Amino acid sequence: MSQRLKIAIQKSGRLTEKSLELLERCGLEFTRSKDELFCFGQNMPVDLLLVRDDDIPEFLREGICDLGLVGDNVAEENRLKAQAKGQPYPLERVRGLGYGRCRLSIAVKRDFDYQSIEQLAGRHIATSYPYLLQDFLDRNGVRAGIAYLSGSVEIAPRLGTAEAICDLVSSGATLAANNLKEAEVIYRSEAALYQRALEDQPEKQALLQRLLVRLDAVLKVAESKYVMLHAPKAQLDAICRILPAAEAPTILPLGGKEDTVAVHTLCRETVLWEHLEQLQAAGASAILVLPVEKMLG
Ligand code: PRT
Ligand code: ZN
């Protein structure tokens, strides 16, 4: 029987929708129902396991699955834990996936006059990430107490169980709502593709390579936008310099307008509202930003 590649993704949480979407954009189709633990790959020998995100590194280590889409924060915490226990950690980060971005930060009460990490010496920090936190404290030569909490870390200072916390932050709204402020960013994270060692399984390895070609194409397209605009000829250079990671632009004449041209180009980095504002300020008009569906070469 030919071998099937097993990919673990989060069953239900912040990464679930984006992970499924990404795999679908790679052309994978599954017979799926969200409350099932297993999704069968219909058009390629690639199946899905829907699990808690914290279990993904362990599933990879034990060979229950071959690939996992998981936050770097979870993978790195597990790597440090294995390292501290002298256990092997045969996982490899294959690609960053660009979603699930967050940072692991130390936060203190808003009225704490925070200046430097030394101020945390001898204090208690509540966290769900004891190994990443310990690693950061060690690298900075600070000795502090770590209080492990599996959730609701942000309420620890209010309960008086810790003076500081170390938790994931994305918008910062949770910290603000709990009267806390960010003091140190100790780790930056995004969802990433991890694999276990597959050297002894050439069939699975070949499948992974096929998947990676598609994944790279999908990731490349994700940020790319096709931009069209009208530019006064005199401002053409200035306008082209604003376009992020732009290819050589196509410049077209505009019927009935001597001093204006149309500019078409592919931007390979995210086009932000700030870019559009700058383009407009430089004299561009009729600015269109179009998504790119597929791209080869
Ligand atoms: O049930 P399961 O164990 O699978 O899910 P979970 O509850 O452990 O994880 P989940 O779904 O909350 O997060 C999954 C992954 O998403 C994390 O491991 C991170 O890699 C990533 N991620 C990105 C985040 C956040 N952003 C995030 N903001 N994970 C959690 N948060 C939490 C944070 O802990 C805090 O409570 O959101 C709050 C802060 O958000 P802001 O926007 O208020 O700053
Ligand atoms: Zn979790």
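Which side chain meets R79 in a salt bridge? The side chain of E76 does, at 2.8 Å from N to O. This is a predicted model. The points below start from the whole chain and return to that pair.

1. **Overall make-up.** The protein chain holds nine helices and 16 strands. Of its 297 residues, 43% are buried. About 16,000 Å² of the chain is exposed, and carbon and sulfur atoms supply 50% of that area.

2. **Overall dimensions.** The radius of gyration of the protein chain is 24 Å, whereas a compact globule of 297 residues would come near 19 Å. Along the principal axes, the C-alpha atoms fill a box of roughly 75 × 65 × 35 Å.

3. **Contacts across the sequence.** Take the contacts with a separation of 6 or more in the protein chain. Residues 24 or more positions apart account for 69% of them.

4. **Helix α1.** This helix spans residues 16-25. Its buried residues are T16, S19, L20, L22 and L23. They sit on the same side of α1, because they cover an arc of only 160° around the axis. What do they pack against? The partners are four strands and a helix: β1 (5-10), β2, β4 (46-51), β5 (67-71) and α7 (202-223). After α1 comes G27, with a positive phi near 90°.

5. **Helix α9.** Residues 273-281 form this helix, and H275, L276 and L279 are buried in it. Seen down the axis of α9, the buried residues fall within an arc of 100°, so they line one face of the helix. That set packs against β13 (225-232), α8 (236-242) and β16 (285-291). The face turned away from the buried side carries exposed residues: W273, E277, Q280 and A281.

6. **G283, just past α9.** G283 follows α9 and has a positive phi, near 110°. It is found in the loop between α9 and β16. Is G283 buried, partly exposed or exposed? G283 counts as partly exposed, because its relative accessibility is 32%. Leaving aside neighbours within four places in sequence, G283 is in contact with H230, P232 and I239. P130 is a distant reference point: its C-alpha atom is 53 Å from that of G283, and the two residues are 153 apart along the chain.

7. **A nonpolar patch.** L37, F38 and F40 make a nonpolar surface patch of about 290 Å². L37 lies in the loop between β2 (30-31) and β3 (38-41). With 54% relative accessibility, L37 counts as exposed, because the cut-off is over 50%.

8. **Salt bridge R4–D47.** The structure holds 13 salt bridges. One of them joins R4 to D47, with the closest N and O atoms 2.8 Å apart. R4 lies in the segment before β1 and D47 in strand β4, so this pair ties together parts that are 43 residues apart in sequence. How do the two ends differ in exposure? R4 is partly exposed, with a relative accessible area of 21%. D47 counts as buried, at 3% relative accessibility.

9. **Salt bridge D72–R93.** Here the closest N and O atoms of D72 and R93 are 2.9 Å apart. D72 belongs to helix α3 (residues 72-84) and R93 to strand β6 (residues 91-96), so the pair ties together parts 21 residues apart in sequence. D72 is buried, with a relative accessible area of 5%. R93 is partly exposed, at 38% relative accessibility.

10. **Back to R79–E76.** Both residues lie in helix α3, three residues apart, about one turn of the helix. R79 is partly exposed, with a relative accessible area of 30%. E76 is buried, with a relative accessible area of 18%. Salt bridges that share partners also build a network, and D72, R93, R101 and E190 are joined in it.

Key. Residues numbered from 1 in each chain as written. Chains lettered and ligands numbered in written order. Predicted model: local features only at pLDDT ≥ 70, side-chain atom pairs only at ≥ 80, totals over all residues. Heavy atoms only, no water. Patch = residues over 30% accessible without salt bridge, like charges linked within 9 Å, V, L, I, M, F, W, Y side chains within 5 Å. Areas by Shrake-Rupley, 256 points an atom, 1.4 Å probe, with all protein chains shown as cover. Salt bridge = Lys/Arg side-chain N within 4 Å of Asp/Glu carboxyl O. Helix = DSSP H or I, 4+ residues; strand = E, 2+ residues; numbered from the N terminus. Buried < 20%, exposed > 50% of the residue type's maximum accessible area, 1.4 Å probe, protein only. Arc of directions from axis to C-beta. Contact = heavy atoms within 4.5 Å. Rg over C-alpha atoms; globule rule 2.2 N^0.38 Å.
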